[in-house]
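Biologist: I've got a pile of "how do you know?" questions for you. Shall we pull up the model and go through them?

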Amino acid sequence: MTNSNKNSIWKSYRFPIILLAGIIIGSIIGLVFGERAMVLAPFGDIFINMMFTAVVPLVFLSISSAVGSMMNMKRLGKILGSMFSVFIITGAIAAVIIIFVVKMFPPAEGVNIVMEAATLDEISVGDALVNAFTVSDFPLLLSRSNMLPLIVFSILFGFSVSLVGGEDNKIAQALDMLNKVMMKMIGIIMLYAPIGLGAYFAALVAEYGPQLLGAYLRAMAIYYPLCILYFFIAFFGYSYWAGGMQGSRIFFKNILTPAVTSLATSSSIATLPVNLTATEKMNVPKDIREIVLPIGATMHMDGTALSSILKIAFLFGIFGQDFSGIGTYVTAVLIAILGGVVMSGVPGGGLIGEMLIVTIYGFPPEAFPIVATIGFLVDPPATMINASGDAVASMMVTRIVEGKDWLNQIIGGEATSGS
């Protein structure tokens, strides 16, 4: 391996490596020093508080800016409708699949950690539709306890911005700039993450022992093989629906570069250029791929849907709760789908989804670093599923928008020479 390749790998994985090193060092400190390591707990609490403080403006700006700037192309209404339908359906399928998996192989089986009591009352479908998605007064939106209502409000606000704007939408541009500012702020806070999470895990392991580390290994043993199976089986099914056997062949022929790029960078945004090139070779029309792929990089995340259910089941097991019941399952699927909407295409961008899980189910704040660690461990394969899923989603949207003739006119007639 050349020095340039080594430098490229280090640049791509530098942050997760440093972050995991901090967690490992903190865990070792907790094992070696025992209760004396509890003195480091405040340094972990600082990181948690900073992240929770930033989450409300970040969610609002990321969603409203994306929606507010999207309505500016011909055929957009049909493309957007088809796109969101595909995003929701594939995300729901991923979520349902992993619910069956975690029921058969509970990721935190045998772990019994007692923290502050978490009030995990049974959540009915009616409560999820009313209480979870709306609030009675605007100031209630400015709290991480009401994340789903905030998401709904942000989407509606973004659509309103797009409707009153034009080709030169100043409000959409302002929202985009503010969103970039918030992402920079998150980046600054994340510089402290190796120290903050390392300190937190030093105290966590000191208090609860090494049994938690074994639970992480079990969770990874469930997630990694599932991602591989999903990549080949689910994406074959989606591409086959979009274009028959020729559609599947053209998809797998061109998806290798985006898949490897996303696995190496852990970033859907970083994969966007090669994804655009790959979908061009798949003969996805220009307007469709240039709408679906950029939005999909932050709003279509089957890998995130898979990991969200894994995280929810993991926390239920850690806190000794029973992950069962129709209301619980429906809410988990909704969280998995909506969690993908607020993910950002940057390395380690799943922190918002983890905060969503912790707040909606009423887990104590101490649950956030526990579930965030799973997010970092599953980030590479999850991003591979996310980015590759954007490409196959663009094929599915093309099938819906262009009709059945897409197979004969585009794939059948031009795919072999064009790819």
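**How do we know?**

Modeller: Let's start with isoleucine 98. Apart from its neighbours within four places in sequence, isoleucine 98 is in contact with Tyr223, Leu226, Ala305, Leu306, Ile309 and Leu310. Keep in mind that this is a predicted model.

Biologist: What makes those residues contacts of isoleucine 98?

Modeller: A contact needs heavy atoms within 4.5 Å, so each residue on that list has passed this cut-off with isoleucine 98. Ile98 also turns up in the largest nonpolar core, which has 107 residues. Phe47, Ile98, Met282, Ile309, Leu310, Leu315 and Phe368 are the ones that touch the most other members. Helix 15 gives the most to this core, with 18 residues.

Biologist: How do you know whether helix 15 is largely enclosed or not?

Modeller: Count its buried residues, meaning those under 20% relative accessible area. In helix 15 that's 32 of the 36 residues, so the rest of the structure largely encloses it.

Biologist: And where does helix 15 bend?

Modeller: At aspartate 379, by about 60 degrees. Proline 380 follows within four residues. After the helix comes glycine 403, with a positive phi near 90 degrees.

Biologist: What makes the phi of asparagine 283 worth pointing out?

Modeller: Most residues other than glycine have a negative phi. Asparagine 283 is not a glycine, yet its phi is positive, about 65 degrees. You'll find asparagine 283 in the loop between helix 10 and helix 11.

Biologist: Why does asparagine 283 count as buried or exposed?

Modeller: Its relative accessibility is 15%, and buried means under 20%, so asparagine 283 is buried. Try asparagine 179 in helix 6 the same way. Asparagine 179 comes in at 13%, so that one is buried too. Among its contacts beyond four places in sequence are Leu58 and Ser62.

Biologist: Then why is leucine 31 called partly exposed?

Modeller: Leucine 31, in helix 1, has 47% relative accessibility. Buried would be under 20% and exposed over 50%, so 47% lands in between.

Biologist: Which residues make a nonpolar surface patch with Leu31?

Modeller: Ile24, Ile28, Val32 and Phe33, and the patch comes to about 480 Å². A patch residue needs over 30% relative accessible area, so leucine 31 at 47% clears that cut-off.

Biologist: Last one: what does the secondary structure of the chain come to?

Modeller: It's 16 helices and 0 strands. Buried residues make up 53% of the 419 in the chain.

Conventions: Residues numbered from 1 in each chain as written. Predicted model: local features only at pLDDT ≥ 70, side-chain atom pairs only at ≥ 80, totals over all residues. Heavy atoms only, no water. Bend = angle between axes of the 7 residues up to and from the residue. Helix = DSSP H or I, 4+ residues; strand = E, 2+ residues; numbered from the N terminus. Buried < 20%, exposed > 50% of the residue type's maximum accessible area, 1.4 Å probe, protein only. Patch = residues over 30% accessible without salt bridge, like charges linked within 9 Å, V, L, I, M, F, W, Y side chains within 5 Å. Areas by Shrake-Rupley, 256 points an atom, 1.4 Å probe, with all protein chains shown as cover. Salt bridge = Lys/Arg side-chain N within 4 Å of Asp/Glu carboxyl O. Core = buried A, V, L, I, M, F, W, Y, C linked by side-chain atoms within 4.5 Å.
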